[in-house]
Structures are given as C-alpha cells and as structure tokens.
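Colleague: I'd like to learn how to read a model like this one. Could you walk me through it, a feature at a time?

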Amino acid sequence: MHVPDGFLDAPTSVATGVAAAGAVAVALRQARQELDDRTAPMAGLTAAFVFAVQMVNFPVAAGTSGHLIGGALTAVLVGPWTAVLSMTVVLLVQAVLFADGGLTALGTNVTLLGLVAVVIGYGVVRALTAVLPRTRTSLLAASGIGAFLSVPVAALAFVGLFGLGGVADVPLGAVAGAMTGVHLLIGLGEAAITVAVLGAVLAVRPDLVHAAGHLRREAALARRPGLEPAGVTR
C-alpha cells in the first residue's frame with residue numbers, strides 16, 4: 001500500500017501533502033483529549049507495534065503478499081486523533097530510514113494509511129458498536145469489520161488519486177481491478193490480526209482500550225448499589 005516516489009504527479013502529491021499536514025495539525029490539538037499519563041505510553045507502544053508488524057508480510061495470492069496497515073487497530077486502542085499521529089510517525093520513520101514509501105509521497109501515504117484507514121476503520125467501529133449489544137464480542141466483531149473495510153477503501157482512495165494524477169502508463173481500470181482484488185484479501189488478514197491483538201489486550205487490560213469505554217461505564221453502573229437487575233442480591 002505504501003506509495004513510492006513518482007507514481008503521482010506533483011500537483012496531486014502536493015495536494016495530499018497539504019491534506020495530510022492539515023489533518024496532523026488538527027490531530028495534534030484533538031489528541032490532548034485522548035492522552036493522559038495512562039494512555040500516552042499505550043500510544044507509543046501501539047506505534048512501535050504497528051511499525052514492527054508492517055515489516056512482516058503474509059501471502060495473500062500467488063506472488064503477492066500484504067501486511068497490516070493498522071489504522072483501525074490503532075484507533076480502537078488509543079483513539080482516532082492519536083491514531084492519526086501514531087500512523088504519521090510510523091510512516092515518517094519508514095520513509096526516512098527505510099525508504100518504504102517515497103519522501104515526496106509521504107503526504108499521500110499519510111492521507112491513505114494514516115487518515116483514510118483510520119477514519120473508515122474507526123467510523124465503522126463506532127457505527128456498529130452503537131447498534132450491537134454492548135459486549136466485548138460485539139467490539140471485537142465491529143473492529144474486525146472496520147479493519148477489513150479500511151483496507152479496500154484506502155486502496156480505492158489511491159485509485160482515485162491515480163485517476164487524478166497518476167503518471168504511470170497503466171489504464172485506470174487495470175489499476176482499480178488489481179488494487180481492489182488484492183486488498184480485499186489483505187483486508188482479511190488485517191481483520192484477523194486486529195481481532196487477535198485487540199482480544200489479547202481486552203483480556204488483560206480492557207482499561208487501556210479507548211473504544212471499550214462504553215463497556216467500562218456499563219460495568220461501573222452495574223456495580224453501583226441499587227442498580228442491580230431485579231432479583232439480584234449480593
């Protein structure tokens with residue numbers, strides 16, 4: 001998914017750079033509402049985890065491999081604004097130190113992986129948890145679906161950018177077909193890894209999961225004297 005240098009023309013690269021810079025500027029202000037002494041270390045650990053796991057590829061088809069994007073997982077763990085910042089740091093380090101994604105394409109990669117993937121993944125999780133039963137299983141299911149959808153949507157966003165400013169002599173239909181097909185398969189891996197990691201964190205430290213706030217509030221209400229269901233005694 002990392003876009004290298006030279007895939008998009010200068011106006012498109014500049015436009016995505018401006019969009020990414022604006023999103024990061026807003027995230028820097030809004031993330032203060034999500035971070036405190038307890039959650040700030042979690043944000044650092046999550047960024048380090050995503051950085052490491054993105055280095056590991058898994059096979060998705062003959063001759064093709066994919067890796068975790070991590071936008072949905074990061075947003076569920078530390079909140080959407082902090083996720084934008086964490087993903088930006090990961091992509092910046094990868095571009096500068098490992099040439100994974102071009103420097104002139106950094107804004108494009110932040111837009112696709114740090115903004116589109118986070119917004120779609122977390123938006124789906126919030127929408128589904130609002131209508132599903134307030135249980136840990138529902139949160140895991142919503143996170144898996146959000147993680148899955150975030151991958152092909154980010155791929156389609158790239159196709160849109162390629163249609164606007166792609167410089168490679170490749171038909172847009174061929175790009176759309178290749179990106180959609182492969183990233184639907186990668187999305188399955190994204191969902192599996194997201195559910196596995198989130199399930200492990202929920203099992204030991206649910207208090208560290210940003211998107212599990214509604215579960216903690218319900219548990220706290222259930223423990224209040226006089227609010228137990230009728231017939232329940234302690």
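Colleague: Let's begin with one residue: where is the place of Leu91?

Modeller: First, the ground rules: this is a predicted model, where local features need pLDDT of at least 70 and side-chain atom pairs count only at pLDDT 80 or more, while totals for chains, interfaces and linings use all residues. Residues are numbered from 1 along each chain as its sequence is written, and side-chain values use heavy atoms, with hydrogens and water left out. Helices (H or I, at least four residues) and strands (E, at least two) are DSSP runs, numbered from the N terminus. Leu91 sits in helix H4, residues 80-98.

Colleague: Is Leu91 buried or exposed?

Modeller: Buried means under 20% relative accessible area, exposed means over 50%, and partly exposed is in between (1.4 Å probe, protein chains only). Leu91 has a relative accessible area of 2%, so it is buried.

Colleague: And which residues is Leu91 in contact with, leaving aside its neighbours within four places in sequence?

Modeller: Contact means heavy atoms within 4.5 Å. On that basis, Leu91 touches His2, Leu106, Asn109, Val110, Leu113 and Gly114, once neighbours within four places in sequence are set aside. You can also check a C-alpha distance: Leu91 and Gly107 are 16 residues apart along the chain, and their C-alpha atoms are separated by 9.6 Å.

Colleague: Now a whole element: how many residues of helix H3 are buried?

Modeller: Eight of the eight residues in H3 (residues 71-78) are buried, so to speak mostly covered as a helix. The cover over them includes helix H2 (40-53), H4, helix H5 (106-131), helix H6 (136-165) and helix H7 (172-204). Right after H3 comes Gly79, with a positive phi near 100 degrees.

Colleague: Which residue other than glycine has a positive phi?

Modeller: Take Ala99, with phi near 55 degrees. Ala99 belongs to the loop between H4 and H5, and it counts as exposed because its relative accessibility is 66%.

Colleague: How are two packed helices described?

Modeller: By the angle between their axes and the distance between the axes. Axes are lines fitted to C-alpha atoms, for helices over the stretch in contact, and angles run from 0 to 180 degrees between N-to-C directions. Here, H1 and H5 pack at about 50 degrees with axes 7 Å apart. That makes H1 oblique to H5, since angles under 35 degrees count as roughly parallel, over 145 as roughly antiparallel, 65 to 115 as roughly perpendicular and the rest as oblique.

Colleague: Which residues of H1 meet H5?

Modeller: Ser13, Thr16, Gly17, Ala19, Ala20, Ala23 and Val24 in H1 meet a set in H5 that includes Thr108 and Leu115. By class, this contact has six nonpolar, six polar and no charged residues. For those classes, Ala, Val, Leu, Ile, Met, Phe, Trp, Tyr, Cys and Pro are nonpolar, Asp, Glu, Lys and Arg are charged, and the others, Gly among them, are polar. Ser13 lies in helix H1, residues 10-30, and at 14% relative accessibility it counts as buried.

Colleague: At what angle do H5 and H6 cross?

Modeller: Roughly 145 degrees, with the axes coming within 7 Å. The residues of that contact divide into 16 nonpolar, six polar and no charged.

Colleague: Finally, how many helices and strands are in the protein chain?

Modeller: Eight helices and two strands. Of the 234 residues in the chain, 46% are buried.
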